[in-house]
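Visitor: Please take a close look at one part of this model, namely how consecutive helices pack against each other, and spell out the criteria as you go.

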Amino acid sequence: MKNLTDVEIIESVKKGNAADYSVLIDRYKNKAFSMLKRMLKNDFDAEEVLMDCFLKAYNNLNTFKNESKFSTWFYRIVYNTALTKLSSAKRKIETEMSSIDDLHFLKSDYNADTLVNEDISVLMKKIVNELPPKNAAVITMFYLEEMKTEEISEVLEISVANVKVILHRSRNLLREILEKKEFIAGSFMKNINDELLNKYLDDELSREEKDTLKIAIENSPDLKRKYAALLKTHDLLKNIEVNLPSIDFTKMVMNKVNRSTTNAKQQKYFLFAILSVFVALALCITGYVLFQMLSASKVSETSEIVTTYSKSIGDYFSSLFGKKILQYLDHYFHSLCLYLVTS
C-alpha cells in the first residue's frame, strides 16, 4: 500500500476503504507539521490544526478532481487553515505581502557569540522557525516537499514571481547568517547581486548567462565564498523537517475519521427512515382517496380512471427514486384500485 500513488490511495478510500487514508497521513504529517509549526510558532496549535486539515481533506476527497497533485491540493488546505488560526493582525500582514513591492528585506538579529557557539544545522532550523508565516511556508514546500514554484504559487494563490522573491530573500537571510558564522566577509562584485546568484542556483539563467557567471565565480575568491555559502544554505534547508511530538497522531486522526464516517452513515439511515415513513403515509392516503373516487364511479369507467391516477402517482415517485420504479408503481396502483372497486 505504501508504494501506491496518492491518486490510487484516494480512489481506494473513495470505494469505502477508509483505513487506507492512514497511508496518506503518514506520508504528509511530518512535512505538513514542519510547515505549520513555523507558521504558527507553536507545537500544540500546529498539531491541532494539522489534525483539522486531515479531517477536512478526508471529508472533501470527493471534490479532489486530479486536476493538480494531491500535495498541492492538501497544502492549500493546510496553508489556508493556518492563516485562519493566526490573529487578525498577522492575517492582514500576510494579505498585504502578496505584492512584490510590499515585501521587505529580512534582517538578521543574531549576534557574533550566538553564531560562533551554535551548531549551524540547529541554528538554521531556529532561523527558519522565526521566518514570517508565508516565508516559512515557501521554504518548507520548496525544500521538504520539493514543490515547484508554480505549484507553491497555486497553493498560496500568489504569482510565481512573488514566490521566487519570497524564496530568494528568505534564502539570502539564511546565507547572510551562514556567512557570519563562518566569518565570510569582503567586498563582493557589485555587478553580480544576490538575485543573480539565486537564479544561478535554481538554474533559471540562460546558457550564456550561466557560463559568464560561472567564470566570474571561479575567478573571484569573494564571490566564490559567497556562492559557497548560498549553496551550503541550500543543502542545509533540505534537512529542516520536524517530527510530530505525538507518536499516535495517525491513530488519533483515523479515530476521528471513523467517527465522521459513522456519523455520516447514521445521518443517511435517519433520512432514509424519514423518507420511508413519508412514502408509506403517501401510499395510504393515495390509496384511500382513489378508493373513494372509484367507489363513486361506474365500473365501466374504472379502468380509465385507474390508469390515469396510477400513472400520475408512478411518475411522481419515479422522479424521487428513478425510472425503474415507475413500472412497479404503475402496476401496483392499477392492480390495487381494480381490486378495491371490484371486490
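Guide: Axes here are lines fitted to C-alpha atoms, for helices over the stretch in contact, and angles run from 0 to 180 degrees between N-to-C directions; helices (H or I, at least four residues) are DSSP runs, numbered from the N terminus. The model is predicted, so that local features need pLDDT of at least 70 and side-chain atom pairs count only at pLDDT 80 or more, while totals for chains, interfaces and linings use all residues. Residues are numbered from 1 along each chain as its sequence is written, and side-chain values use heavy atoms, with hydrogens and water left out.

On this basis, helix H12 (residues 207-219) packs with helix H13 (residues 221-236) at an angle of about 110°, their axes being 5 Å apart. H12 and H13 are therefore roughly perpendicular to each other, a term for angles of 65 to 115 degrees. In contact, meaning heavy atoms within 4.5 Å, Ala-216, Ile-217, Glu-218 and Asn-219 of H12 meet Pro-221, Leu-223, Lys-224 and Tyr-227 of H13.

On the other side of the topic, helix H11 (residues 194-201) and H12 also pack at an angle of about 110°, with their axes 11 Å apart, which makes H11 roughly perpendicular to H12. Here Leu-196, Leu-197 and Tyr-200 in H11 meet Lys-210, Leu-213, Lys-214 and Ile-217 in H12.

Notes: Helices (H or I, at least four residues) and strands (E, at least two) are DSSP runs, numbered from the N terminus. Angles under 35 degrees count as roughly parallel, over 145 as roughly antiparallel, 65 to 115 as roughly perpendicular and the rest as oblique.
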